[in-house]
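Biologist: Please take a close look at a single loop in this model, with its charged contacts and any unusual backbone, and then relate it to the other parts that bear comparison.

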Amino acid sequence: MHDLVIRNGTVVDGTGRPQFAGDVAIDRGLIAVVGRVTQRGRREIDAKDLLVTPGWVDVHTHYDGQVTWDPILAPSSWHGVTTLVMGNCGVGFAPVRRGQEDFLIELMEGVEDIPGTALHEGIDWRWESFPEYMDALAQMPRVLDVAAQVPHCAIRAGIQIMIRLPTYIN
Ligand SMILES: [Zn+2]
């Protein structure tokens, strides 16, 4: 018996193949079956006339700040995204040197039009290195998976402060 079976949906599984009528089974929080599920579920959801979208990967996002405080990651989760990639366009919040936080927020705000006020209030800067940022992300459960790219602007900003390169390298 599966933990959850979502039946009779229109499945768009993110592999690129055409949509199909089918079911999705979930066990211990992980997708166990995509296709036709013969076993019952402890819980069952009838998805007739609904899209079921296991495996949608949003390959270009800017959740680098929001991912540190929002386990829902709306609106992507509302849209059926199951994995998102962030750190695109070179902007992000790790690595960071103390005192550099405002610069990284202003960069994100300027490049991606994400409100700096939300970032100032939401980010608690429990990290400096990128591995420490990843550890901070790992401590919070969330409704979808995230893949973080190292933002090159944060690296270059850190290098500039560390060895005092002239600003023209930006
Ligand atoms: Zn971008």
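**A loop and its contacts**

Modeller: The side chains of Glu128 and Arg98 form a salt bridge with an N to O distance of 3.6 Å; the term denotes a side-chain nitrogen of Lys or Arg within 4 Å of a carboxyl oxygen of Asp or Glu. Arg98 belongs to the loop between β7 and α1, whereas Glu128 belongs to the loop between α2 and α3, so this pair ties together parts that are 30 residues apart in sequence. Helices (H or I, at least four residues) and strands (E, at least two) are DSSP runs numbered from the N terminus. Glu128 counts as partly exposed, at 36% relative accessibility; buried means under 20% relative accessible area, exposed over 50%, and partly exposed in between, with a 1.4 Å probe and protein chains only.

The model is a predicted one, in which local features need pLDDT of at least 70 and side-chain atom pairs count only at pLDDT 80 or more, while totals for chains, interfaces and linings use all residues. Residues are numbered from 1 along each chain as its sequence is written, and side-chain values use heavy atoms, with hydrogens and water left out.

Arg98 also meets the side chain of Glu101 in a salt bridge, here at 2.8 Å, N to O. With a relative accessible area of 43%, Arg98 is partly exposed, whereas Glu101, at 14%, is buried. Glu101 can be placed at the start of α1, which spans residues 101–112. Arg98 therefore has two acidic partners, Glu128 and Glu101, of which Glu128 is partly exposed and Glu101 is buried.

The loop between β7 and α1 also holds Pro95. The peptide bond that leads from Ala94 to Pro95 is cis, with omega near 0°. A further cis peptide bond joins Ala74 and Pro75, where omega is about 10°. Pro75 is placed in the loop between β6 (56–58) and β7. β7 (81–86) thus has a cis proline in the loop that precedes this strand and another in the loop that follows it.

Cys89 lies in the loop between β7 and α1 as well. The phi angle of Cys89 is near 65°, a positive value in a residue other than glycine. Most residues other than glycine have a negative phi, and most peptide bonds are trans. Cys89 is partly exposed, at 43% relative accessibility.

Through its SG atom, Cys89 coordinates the zinc ion, together with NE2 of His60 and NE2 of His62, at 2.0 to 2.2 Å. Donors are N, O and S atoms within 2.8 Å of the metal (3.2 Å for Na, K and Ca); water is not among the atoms, so sites may look incomplete. Along the chain, the zinc donors follow the spacing H-x1-H-x26-C. The two histidines differ in their accessibility: His60 is partly exposed, with a relative accessible area of 44%, whereas His62 is buried, at 16%.

A positive phi in a residue other than glycine also appears at Arg28, with a value near 50°. Arg28 sits in the loop between β2 and β3. With a relative accessible area of 75%, Arg28 is exposed, whereas Cys89 is partly exposed.

The charged contacts extend beyond the loop, for the structure holds ten salt bridges. One of them pairs the side chains of Arg17 and Asp13 at 2.7 Å, N to O. Arg17 is partly exposed, at 43% relative accessibility, and Asp13 is buried, with a relative accessible area of 10%. In both this pair and the pair of Arg98 with Glu101, a partly exposed arginine meets a buried acidic residue.

Beyond α1, which follows the loop, Asp113 lies in the loop between α1 and α2 (116–122). Asp113 is exposed, with a relative accessible area of 68%. From C-alpha to C-alpha, Asp113 and Pro18 are 35 Å apart in space, and they are 95 residues apart in sequence.

In review, the loop between β7 and α1 contains the zinc ligand Cys89, the cis-linked Pro95, and Arg98, which pairs with Glu128 across to the loop between α2 and α3.
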